[in-house]
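Got your viewer open? Let's take a short walk through this one, a stop at a time.

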Amino acid sequence: MSADVVTKLKDHAAVPGKLWFADGSMTYAQLLAETGRLANALAALGLQKGDRLLLQVEKCEAVLSLYFACLRSGVVFLPVNPAYTVAETAHFMTDAEPALAVVEPARVAEIAGLGARAMALGDLLAMAAGQSADFADPPHGPHDMAAILYTSGTTGRSKGVMLSRENLASNAEALVGLWRFTGADVLLHALPVFHTHGLFVATNCVLFSGDSMVFQRAFSPATVLAALPKVSVMMGVPTFYTRLLADPGLSRAACGHIRLFISGSAPLSPATHVEWRERTGHAILERYGMTETNMITSNPYEGDRRAGTVGMPLPGVKVRVTGPDGAALPIGEAGAIEVQGPNVFHGYWKLPEKTAEEFRAGRWFITGDLGAFDSLGYLSILGRAKDMVITGGFNVYPAEVEAALDDLAGVAASAVIGVPHPDFGEAVVACVVLARGAVLEEAGVRAALRERLAAFKIPKRVLVLDEIPRNAMGKVQKAELRRLYAGLFAGG
Ligand code: AMP
């Protein structure tokens, strides 16, 4: 059984002067005191164990304190992307029925208009300032619900993922060991805090190891480059790495203090991996996870970090690749990725039937991702099952075509989708963004791909875009691309 998040917080708070924020603005002892005051404030507002607290604010340090305060009081933490409109947020309000919504001041009236109790984060913090720092934590069990995170909902309604304390703690313990967090590390935190990556992976790794962090409210290449000499580990989404590569300030010297660069939440292209290694001398460690499962696999800390793969299952986590009948497939064959372990969520909030559909016997969770293991045990992700293209009866894995496109000189980024086609059912369509100054003809791209890919995988069209639509975590919004180009082959 893993140590609880709050136990870890209290252990480190007992060490005088131990820093939570590396700039000295907060020690673990001060963090514990702040969480005590916040937990008392939540109790004074009438929130009880199991109640939901919806938090929708711009990234700031207090989000982490409130997360820990909720864990101390047993209130279920429910962070929401601040980019969502009030209309979008209404779904979370009616679905999760939070006892309190903590929002930006400009939103209080509108959110309260949805029938919920709402207050500004600043007002909650002011109220907490007048409370005692001593809080009597109620008893907690490992399977108590810690948080609900809503899926990004690119298809259909977004679902509330119920995560237990054990889900979070077991994953933090596995990652701290695997990635060799020392207690003397300093993590650069430039990720959003409403998502599993920035909220759980980054924050809990720091907490479980007793490390400190440099907390940045937003990502920018300039602020990250300025902070690199003060940190030892950086976690990022692939767009962090591509945007840093576009900055002339990125160099071997700029990364001289870094122990480890980690990437996840979306595929890191092998080209980016190689370019990063050449520019900085560091092999980015890529890992794979999702909101429902926390982290699932990781490339090794020691040993080969293989570009285009997401490595091996974490300690204590089991992964299998299955065929349509649910039977495990042999090594090398592509199929559905399924996961089992203490990291796997308890279910979708208020959706027991949807939950049951996504699990097989033995609590194997069907991730919805497709992948294959190689003979050395490395897993490769071939894309979301719903993004697979079936053209003329053949399956095409977008990731394979994207890798071939990304290898072409002049292609900066690519996204491959299936578009309705009168003959083929679906046609493979490539959307590409060109490198600055590059000129590529559609016919030339198709000809170059023919040297690498079977004919049925060659895109019927190659569209050059200024930008590929991505969400806040850098994930390509394929549903949006499919919608935009749905009519590409209509009428002929
Ligand atoms: P989310 O729940 O928002 O974290 O999204 C999880 C999904 O992101 C996974 O199911 C994968 O499709 C994708 N994902 C996460 N990490 C990686 C990775 N390293 N490579 C490819 N896809 C990834």
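Start by colouring the protein chain by domain: the assignment gives domain 1 (5-176), domain 2 (219-384) and domain 3 (388-484). Keep in mind that this is a predicted model.

Next, show just domains 1 and 2. Their C-alpha centres sit 26 Å apart. Where they meet, 24 residues of domain 1 are in contact with 17 residues of domain 2. That junction buries about 1,700 Å², and carbon and sulfur atoms give 63% of this area. On the domain 1 side, pick out Lys159, Met162 and Asn171: these lose the most area to domain 2, together 31% of what that side buries.

Now move to the ligand and select what lies around it. You should get 16 residues, the closest being Glu286, Arg287, Thr291, Asp369 and Lys475. By class, the shell splits into six nonpolar, five polar and five charged residues.

Which strands each supply at least two residues of that shell? Highlight β13 (285-290) and β21 (379-384). β13 brings the largest share, five residues.

Time to zoom in on some polar contacts:

- Arg287: a backbone N or O atom is 2.7 Å from a nitrogen atom of the ligand.
- Thr291: an N or O atom in the side chain is 2.6 Å from an oxygen atom of the ligand.
- Arg384: a polar side-chain atom is 3.0 Å from an oxygen atom of the ligand.

Last stop: turn on a surface for the protein and look at how much of the ligand still shows. On its own the ligand has 490 Å² of accessible area, and the protein covers 90% of that.

Terms used
Residues numbered from 1 in each chain as written. Predicted model: local features only at pLDDT ≥ 70, side-chain atom pairs only at ≥ 80, totals over all residues. Heavy atoms only, no water. Near = heavy atom within 4 Å. Polar contact = N/O pair within 3.5 Å; in protein donor to acceptor, adjacent residues only side chain to side chain. Areas by Shrake-Rupley, 256 points an atom, 1.4 Å probe, with all protein chains shown as cover. Helix = DSSP H or I, 4+ residues; strand = E, 2+ residues; numbered from the N terminus. Nonpolar A, V, L, I, M, F, W, Y, C, P; charged D, E, K, R; others polar. Domains from an automatic or database assignment. Contact = heavy atoms within 4.5 Å. Buried area = accessible area lost by both parts, 1.4 Å probe.
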